[in-house]
Amino acid sequence: MSAKSAISKEIFAPLDERMLGAVQVKRRTKKKIPFLATGGQGEYLTYICLSVTNKKPTQASITKVKQFEGSTSFVRRSQWMLEQLRQVNGIDPNRDSAEFDLLFENAFDQWVASTASEKCTFFQILHHTCQRYLTDRKPEFINCQSKIMGGNSILHSAADSVTSAVQKASQALNERGERLGRAEEKTEDMKNSAQQFAETAHKVSQCPFHSIPFSF
């Protein structure tokens, strides 16, 4: 089981929540935290997760989850409602970058994702979720590549792929139907011709035979 699948099962499923996406991150700038605040647990992995409740009305949230070195379990740390997100900064709109900033009402974090593609995927899901679940005040997305905001998102690509497959299947069925229709027409013509031939042969067989006189 992957780390993200384990997080979804351990952290969100017990609370009747569904994880939409997650990105593994590290801080760009070291945060000065007293030793006692971390519990002295040493190194850890950090994930920023996006989830929604299964119960209506749907509520979306962003959660910071950690996995400490030597442990197979995950720990929920900070959490913000999606309405508290004010700004998403992609840092550089002109190139693939793993860096990004998240600004909330009461917090600001600077992160580096494990890869630029993982950050891009998370941003696409985050942007789509904001558009879907936030009706009033949506966060500002700045310095983001156009593929994150526009029609090239993985969600649109998946939908386009399905639509294309359906169209191709429909076209194939139509072409097959046309071929079957032409074959049925030919079969009907042959049937009619055979019936006419049989009727003509029957009429000829019913005609009286007259002998022809021969002269010598």
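Biologist: Which residues have the most contacts inside the largest nonpolar core?
Modeller: That core has 27 residues, a nonpolar core being buried Ala, Val, Leu, Ile, Met, Phe, Trp, Tyr and Cys residues joined through side-chain atoms within 4.5 Å. This is a predicted model: local features need pLDDT of at least 70, side-chain atom pairs count only at pLDDT 80 or more, and totals for chains, interfaces and linings use all residues. Residues are numbered from 1 along each chain as its sequence is written, and side-chain values use heavy atoms, with hydrogens and water left out. The residues with the most contacts in the core are Ile 48, Ile 62, Leu 82, Leu 85, Phe 100, Leu 102 and Leu 126.

Biologist: Which element gives the largest share of this core?
Modeller: The elements are DSSP runs numbered from the N terminus: helices (H or I, at least four residues) and strands (E, at least two). Those giving two or more residues to the core are β1, β2, β3, β5, β6, β7 and α3. The largest share, six residues, comes from α3.

Biologist: Which residues does Leu 126 touch, not counting those up to four places away in sequence?
Modeller: Leu 126 is on the list of residues with the most contacts inside the core. Counting heavy atoms within 4.5 Å as contact, its partners are Leu 50, Ile 62, Leu 82, Leu 85, Val 88 and Phe 141.

Biologist: How many residues are in the second, separate core?
Modeller: Its members include Ile 7, Met 19, Tyr 47 and Phe 74. Tyr 47 is buried at 4% relative accessible area, as buried means under 20%, exposed over 50% and partly exposed in between (1.4 Å probe, protein chains only). Phe 74 also counts as buried, with 9%. The size of this second core is 10 residues.

Biologist: What is the geometry of the aromatic pair that Tyr 47 and Phe 74 form?
Modeller: Rings of Phe, Tyr and Trp (its six-membered ring) pair if their centres lie within 6.5 Å, with planes under 30 degrees apart called stacked, over 60 edge-to-face and the rest tilted. Here the centres are 6.2 Å apart with 70 degrees between the planes. Tyr 47 sits in strand β2 and Phe 74 in the loop between β3 and β4, 27 residues apart. The pair is edge-to-face.

Biologist: And how are Trp 80 and Phe 104 arranged as an aromatic pair?
Modeller: Trp 80 lies in strand β4 and Phe 104 in strand β6, so the pair ties together parts that are 24 residues apart in sequence. Trp 80 is buried at 8%, and so is Phe 104 at 4%. With 4.2 Å centre to centre and 10 degrees between the planes, this pair is stacked.

Biologist: Why is Cys 120 not bonded to Cys 144?
Modeller: The structure holds zero disulfides, a disulfide being a pair of cysteine sulfur atoms within 2.5 Å. Cys 120 is buried with 11% relative accessible area, and Cys 144 is buried with 14%. Cys 144 is the closest cysteine to Cys 120 by sulfur, but it is too far for a bond, because the separation is 9.4 Å.

Biologist: Which residue meets Lys 4 in a salt bridge?
Modeller: A salt bridge here is a side-chain nitrogen of Lys or Arg within 4 Å of a carboxyl oxygen of Asp or Glu, and the structure holds seven. Lys 4, in helix α1, is partnered with a residue of helix α3 that is 114 residues apart from it. Lys 4 is partly exposed at 29%, while its partner is buried at 14%. With 2.7 Å from N to O, that partner is Glu 118.

Biologist: How far apart are the closest N and O atoms of Arg 27 and Asp 109?
Modeller: This salt bridge links strand β1 to strand β7, with the two positions 82 residues apart in the chain numbering. Arg 27 is partly exposed at 24%, whereas Asp 109 is buried at 4%. The N to O distance is 2.8 Å.

Biologist: Where does Lys 147 lie?
Modeller: Lys 147 makes a salt bridge with Asp 96 at 3.3 Å, N to O. Asp 96 is partly exposed at 47%, and Lys 147 is partly exposed at 30%. Asp 96 is in the loop between β5 and β6, so the pair ties together parts 51 residues apart, with Lys 147 in helix α4.
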